[in-house]
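Reader: I would like to learn how to read a few features of a model. Please take them one at a time.

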Amino acid sequence: MYARTALESIRLFHDELTALRRDLHAHPELGFEEVRTSGIVAGALEALGIEVHRGIGKTGVVGVIRGKHCDSGRMIGLRADMDALPMGEDNTFSHKSSKSGLMHACGHDGHTTVLIGAARYLSQSRNFNGTAVLIFQPAEEGTGGAQAMLDDGLFEMFPCDAIYALHNWPGLKPGMIGVNPGPMMAAADRFEIVIEGRGGHGAHPYQTIDPVTVAGHLITALQSIVSRNVNPLDSAVVSIGALQAGNPDAMSVIPSTARLVGTVRTFRKTVQELIESRMNQMAASIAGAFGAKATVKYERLFPATINTPQHANLVADIATDLIGKENVVRDLTPSMGSEDFSVMLQHKPGAYFRLGQGGAEEGCVLHNPRFDFNDAVIPLGSAMFCALAERGMPLNE
């Protein structure tokens with residue numbers, strides 16, 4: 001009942017939320033630089049009479065809403081990310097980015113707005129027994145905002161019993177919710193392989209140890225790790241995103257070094273360890289066969305985003321009540337992308353779910369220069385957050 005009431009109430013101020021979202025879209029800020037954004041968030045919360053804590057994780061903001069009763073001692077965390085991406089925007093609408101080379105291409109402007117919408121309803125209704133903690137996180141796009149908030153004592157100050165986050169999903173139609181009771185997104189690792197050879201004249205390659213040749217063999221070999229070492233029932237990706245060697249203006253110079261940079265995506269730790277081990281073995285043996293030397297730097301950036309079944313099922317149950325079971329996907333296919341909400345899920349149980357927004361068929365996909373968040377889905381996202389707080393901390397047991 002509360003979930004539908006929240007949805008109906010939030011629709012009454014949908015236009016205001018849309019205007020806010022478009023303002024945020026027009027003024028994107030990178031991770032840990034969300035000064036304007038966090039100021040708007042804090043101001044909106046304070047205007048609602050919500051207790052506000054700033055500077056958690058540098059530019060992070062936390063709002064605290066206490067229910068009609070708090071004797072349950074329960075605390076539910078609701079998280080939204082705020083940062084944009086360092087890329088240009090190709091859209092022509094009036095709320096396009098006003099900053100060259102910066103864009104909200106992942107919809108974090110929408111996520112922030114969704115949580116502000118939830119804050120407005122929860123602060124007015126307070127139909128729960130406990131405390132709702134609204135976590136506005138900076139720097140999700142690869143720069144460690146979640147860890148920065150944890151390092152600043154997020155869960156010591158606000159010891160949540162469960163945490164939830166959502167992300168818009170162009171692959172789901174507007175008005176749909178998708179979730180999975182296990183893996184939602186993959187672990188993201190970064191690797192860098194430096195090959196040291198011996199440079200020389202391109203006309204006399206016999207006098208050199210060519211690192212470019214080594215790199216070519218290594219690129220091919222690395223692709224065999226997934227196809228020949230990883231169990232086909234497990235998912236894994238090894239992608240090389242950059243090869244740097246030599247100077248394009250020096251066609252007759254064989255360089256001394258070559259550098260490969262890429263990413264590894266996995267869901268299981270054993271698979272992650274296997275790939276790292278094979279990568280080191282291959283780099284050393286292939287380089288050695290040519291008389292070169294290879295050094296591997298392997299960094300585990302973000303763990304896999306793994307939902308706890310109990311909390312994922314609660315998301316699905318609430319969504320079913322709100323929009324009908326035909327609009328809920330309970331076994332959504334995991335994505336090989338990554339999400340640093342995973343760091344928070346390593347400390348607290350909870351769930352990460354998808355808010356369908358459509359657009360994939362027209363090319364409006366994440367991290368695309370023509371992406372835009374679908375404002376039509378703001379009320380549903382906000383209502384989901386409200387219901388998670390109310391259902392997780394019920395007034396009447």
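Reader: Is Cys-386 buried or exposed?

Author: This is a predicted model, so every value here is computed from predicted coordinates. Burial is read from relative accessible area, and under 20% counts as buried. Cys-386 has 0% relative accessibility and is therefore buried.

Reader: Why is Cys-386 not in a disulfide?

Author: The test is a distance between sulfur atoms, with a cut-off of 2.5 Å. For Cys-386 the closest cysteine sulfur belongs to Cys-160 and is 16 Å away, which is too far for a bond.

Reader: How many disulfides does the rule give?

Author: The count is zero. Cys-106 is likewise in no disulfide, and the nearest cysteine sulfur to its own, in Cys-364, lies at 11 Å. Cys-106 is buried, at a relative accessible area of 8%.

Reader: How do I read a pair of packed helices?

Author: Two numbers describe the packing: the angle between the two axes and the distance between them. Take helix H2 (residues 14-26) and helix H3 (residues 35-47): their axes come within 10 Å and cross at roughly 160 degrees. H2 is therefore roughly antiparallel to H3. The handedness is a separate reading, and the crossing of H2 and H3 is right-handed.

Reader: Which residues make the contact between H2 and H3?

Author: H2 contributes Leu-20, Asp-23 and Leu-24, while H3 contributes Arg-36, Thr-37 and Ile-40. Sorted by class, the contact of H2 with H3 has three nonpolar residues, one polar and two charged.

Reader: At what angle do the axes of H7 and H9 cross?

Author: The axes of helix H7 (residues 211-222) and H9 cross at roughly 150 degrees and come within 10 Å. The crossing of H7 and H9 is right-handed. On the H7 side the contact uses Val-214, His-217, Leu-218, Ala-221 and Leu-222. On the H9 side it uses Met-279, Met-282, Ala-283, Ile-286 and Ala-287. The contact of H7 with H9 has nine nonpolar residues, one polar and no charged.

Reader: Where does Glu-276 lie, and which residues does Glu-276 contact beyond its sequence neighbours?

Author: Glu-276 is part of helix H9 (residues 269-289). Leaving aside neighbours within four places in sequence, Glu-276 is in contact with Tyr-298 and Arg-300. Glu-276 is partly exposed, with 21% relative accessibility. A sequence separation can also be set beside a distance in space: Glu-276 and Leu-314 are 38 residues apart in sequence and 36 Å apart, C-alpha to C-alpha.

Reader: How far apart in space are the C-alpha atoms of Lys-173 and Gly-358?

Author: Those C-alpha atoms are separated by 4.5 Å, with the two positions 185 residues apart along the chain. Lys-173 sits in the loop between strand E5 (162-169) and strand E6 (177-178). With neighbours within four places left aside, Lys-173 contacts Gly-356, Gln-357 and Gly-358. Lys-173 nevertheless counts as exposed, at 60% relative accessibility.

Reader: What does Met-87 touch away from its sequence neighbours?

Author: Setting aside residues up to four places away in sequence, Met-87 touches Gly-101, Leu-102, Met-103, Ala-105, His-367, Asn-368 and Pro-369. Met-87 is in the loop between strand E3 (75-81) and H4. The C-alpha atoms of Met-87 and Leu-243, 156 residues apart along the chain, are separated by 21 Å.

Reader: Is Thr-113 buried or exposed?

Author: Thr-113 is buried, at 0% relative accessibility. Thr-113 belongs to helix H4 (residues 108-125). Its contacts, not counting residues up to four places away in sequence, are Leu-17, Leu-20, Arg-21, Leu-24, Ile-378 and Ser-382. Of these, Leu-20 and Leu-24 also take part in the contact of H2 with H3.

Reader: What is the phi of Phe-32?

Author: Phi is a backbone torsion, and its sign is worth reading together with the residue type. Phe-32 has phi near 65 degrees, a positive value in a residue other than glycine. Phe-32 lies in the loop between H2 and H3, and at 22% relative accessibility Phe-32 is partly exposed.

Reader: Where is Lys-58 placed, and what is its phi?

Author: Lys-58 is in the loop between strand E1 (51-54) and strand E2 (61-66). Its phi is near 65 degrees, again positive in a residue other than glycine. Lys-58 is exposed, with a relative accessible area of 58%.

Definitions and conventions: Residues numbered from 1 in each chain as written. Predicted model: local features only at pLDDT ≥ 70, side-chain atom pairs only at ≥ 80, totals over all residues. Heavy atoms only, no water. Buried < 20%, exposed > 50% of the residue type's maximum accessible area, 1.4 Å probe, protein only. Axes fitted to C-alpha atoms, helices over the stretch in contact; angles between N-to-C directions. Helix = DSSP H or I, 4+ residues; strand = E, 2+ residues; numbered from the N terminus. Parallel < 35°, antiparallel > 145°, perpendicular 65-115°, else oblique. Left-handed = near helix turned anticlockwise from the far one by under 90°. Contact = heavy atoms within 4.5 Å. Nonpolar A, V, L, I, M, F, W, Y, C, P; charged D, E, K, R; others polar.
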